[in-house]
Amino acid sequence: MVEKMYRDTWAEINLDAIAYNITQIKEKLPQDSNVIAVVKANAYGHGIVPVAKKALESGASGLAVAILEEALTLREAAITAPILVLGFVPAKYASVAAEHNITLTFFQLDWIKEVGKQDLINPLKLHLKVDTGMGRIGIRSDEEMVSILQEIAKNKNIHLSGIFTHFATADAEDLSFYREQTERFEAFLHVFKKFWKKPVMIHIGNSAAAIRFPEKMYNCVRFGISMYGLYPSQEVREEHAIQLKQAFSLHSRLVHVKKIAKGESVSYGQTYIAKNDEWIGTIPIGYGDGWNRKLQGMNVLVNGKRMPIIGRICMDQTMIKLDGYYDVGTKVTLIGSEGNDCIEMDEIARYLDTITYEIPCMINERIPRVYVDSN
Ligand code: PMH
């Protein structure tokens with residue numbers, strides 16, 4: 001991407017909000033508990049390197065990503081903090097991880113055996129993933145655990161430094177399955193500790209579990225969605241256990257303003273026909289930016305007032321109905337606060353019938369991220 005912005009459409013990332021949200025969770029957690037900032041998927045669309053740096057400055061002790069590429073991006077940015085890859089990395093790339101001091105997640109005996117055959121420059125750090133009910137990746141039985149630990153014990157090149165699991169329903173109203181998963185994890189940990197005497201990092205909590213059960217998080221949490229100021233679910237939001245600040249906002253400017261006559265149409269397919277003489281504004285953002293076509297009918301903010309998106313959203317442009325004349329260049333806020341009103345990420349997610357996690361991720365790299373940082 002070219003550095004200079006020629007188009008007036010941008011996402012603003014408030015790094016002060018990231019720092020604030022980390023402080024909020026740290027205040028809830030016991031003193032000796034660590035925060036791993038989850039910065040996978042380009043920091044949930046916020047920008048991996050600036051967010052990672054801010055998170056580390058603000059009290060996170062490590063970072064988590066989904067794939068090895070993301071970990072290498074962080075190392076290329078001269079970030080030296082511990083990085084855990086949460087997803088599967090093929091065993092043949094263990095040497096890349098070891099070379100860059102990147103911790104991998106593992107859960108298969110054959111994988112460990114394959115890594116054991118390799119000549120690694122540095123010892124490879126690993127966290128063992130336990131599947132207590134998410135059903136995605138992880139070991140599921142004591143037998144698997146014991147055989148894996150026996151294999152690791154044979155190998156000087158492997159340094160087991162953590163054990164963890166992930167919850168499927170920590171953000172739900174009904175916490176019965178959450179409790180089942182915690183019980184299963186405790187049972188696994190009991191077996192683990194019999195076979196493994198060295199200290200390790202133990203982490204189970206995502207944002208929801210960390211916010212709801214800060215005392216039960218062992219020595220570390222993996223803090224994702226709430227670091228960005230978003231609640232994992234409506235249930236967690238309504239419990240008011242934590243106050244968060246949304247870091248992401250999305251803005252554009254009017255590039256064209258015109259009055260159309262009653263009966264005239266706007267955009268592809270003529271799906272919008274003016275009921276009266278109306279002021280219409282055009283903004284330079286479309287589904288080619290990840291601004292989903294289904295957002296037709298959603299409101300945007302102009303001078304703090306709500307104006308609807310009308311007609312079909314195009315690849316690069318979107319039309320809105322204005323309540324009067326506005327100058328070309330007037331700021332339009334698609335996500336975030338403007339004046340006394342705010343279009344929250346939750347509102348966009350509800351409109352699209354999805355979760356808040358997906359919204360900043362869907363705004364693609366054609367939209368530049370502009371960082372606000374007062375410190
Ligand atoms: N740990 C793991 C293994 C994860 O997959 C995620 C989020 C987190 C921690 C952070 O969770 P939080 O953002 O709720 O705090 N993973 C995903 C996912 O795979 N799909 O949506 C969120």
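**Figure 1. Two domains and the distance between them.** In this predicted model, the C-alpha centres of domain 1 and domain 2 sit 42 Å apart. The domain assignment of the protein chain puts domain 1 at residues 15-238 and domain 2 at residues 248-343.

**Figure 2. A nonpolar core shared by the two domains.** Here we look into the largest nonpolar core, which counts 121 residues. Val39, Leu104, Leu124, Phe192, Met227, Leu250 and Trp291 are the members that touch the most other members. Helix α8 supplies the largest share of this core, with six residues. Domain 1 (15-238) and domain 2 (248-343) both give residues to the core, so it lies between them.

**Figure 3. Leu250 and its neighbours.** Now zoom in on Leu250, one of the core residues that touch the most other members. Leaving aside residues up to four places away in sequence, Leu250 touches Trp10, Ala11, Ile285, Trp291, Val332, Thr333, Leu334, Ile335, Ile363 and Ile367. Apart from the largest core lies another one, made of eight residues, and Val266, Tyr272, Ile310 and Cys314 are among them.

**Figure 4. Phe88 meets Phe107.** A search of the whole structure turns up eight aromatic pairs. One of them joins Phe88 and Phe107 in a tilted arrangement, with 6.1 Å from centre to centre and 55° between the planes. The pair links distant parts of the chain, 19 residues apart: Phe88 is in the loop between β4 (83-85) and α5 (94-99), while Phe107 is in the loop between β5 (103-106) and α6 (109-116). How buried or exposed are the two partners? Phe88 is partly exposed, at a relative accessible area of 44%, whereas Phe107 counts as buried, at 7% relative accessibility.

**Figure 5. Phe185 and Tyr218, edge to face.** In this view, the ring centres of Phe185 and Tyr218 are 5.6 Å apart and the planes are at 70°, so the pair is edge-to-face. Phe185 belongs to helix α8 (residues 176-195), and Tyr218 to the loop between α9 (207-212) and β9 (220-223), so the pair ties together parts that are 33 residues apart in sequence. With a relative accessible area of 1%, Phe185 is buried; Tyr218, at 30%, counts as partly exposed.

**Figure 6. More rings, and two lysines over them.** Tyr44, Tyr228 and Tyr357 make up one aromatic cluster. Elsewhere, look for lysines sitting over ring faces. Lys4 lies over the face of Tyr6, at 5.4 Å from the ring centre. Lys245 does likewise over Tyr20, at 4.0 Å from the ring centre.

**Figure 7. Helix α7 and what its buried residues pack against.** Helix α7 has 12 residues (142-153), which at 1.5 Å a residue should span 16 Å, and its end C-alpha atoms are indeed 16 Å apart. Which residues of α7 are buried? They are Met145, Val146, Ile148, Leu149, Glu151 and Ile152. These buried residues pack against β5, α6, β6 (124-129), β7 (158-164) and α8.

**Figure 8. Leu72 and its contacts.** To finish, here's Leu72, found in helix α4 (residues 68-76). What does Leu72 touch, not counting residues up to four places away in sequence? The answer is Val96, His100 and Ile102. Leu72 and Val96 are 24 residues apart along the chain, and their C-alpha atoms are separated by 9.1 Å.

Methods. Residues are numbered from 1 along each chain as its sequence is written. This is a predicted model: local features need pLDDT of at least 70, side-chain atom pairs count only at pLDDT 80 or more; totals for chains, interfaces and linings use all residues. Side-chain values use heavy atoms; hydrogens and water are left out. Rings of Phe, Tyr and Trp (its six-membered ring) pair if their centres lie within 6.5 Å; planes under 30 degrees apart count as stacked, over 60 as edge-to-face and the rest as tilted. Helices (H or I, at least four residues) and strands (E, at least two) are DSSP runs, numbered from the N terminus. Buried means under 20% relative accessible area, exposed over 50%, partly exposed in between (1.4 Å probe, protein chains only). A charge sits over a ring if NZ of Lys or CZ of Arg is within 6 Å of the ring centre and within 35 degrees of the ring normal. A nonpolar core is a set of buried Ala, Val, Leu, Ile, Met, Phe, Trp, Tyr and Cys residues joined through side-chain atoms within 4.5 Å. Domain bounds come from an automatic or database domain assignment. Contact means heavy atoms within 4.5 Å. The expected span of a helix is 1.5 Å times one less than its number of residues.
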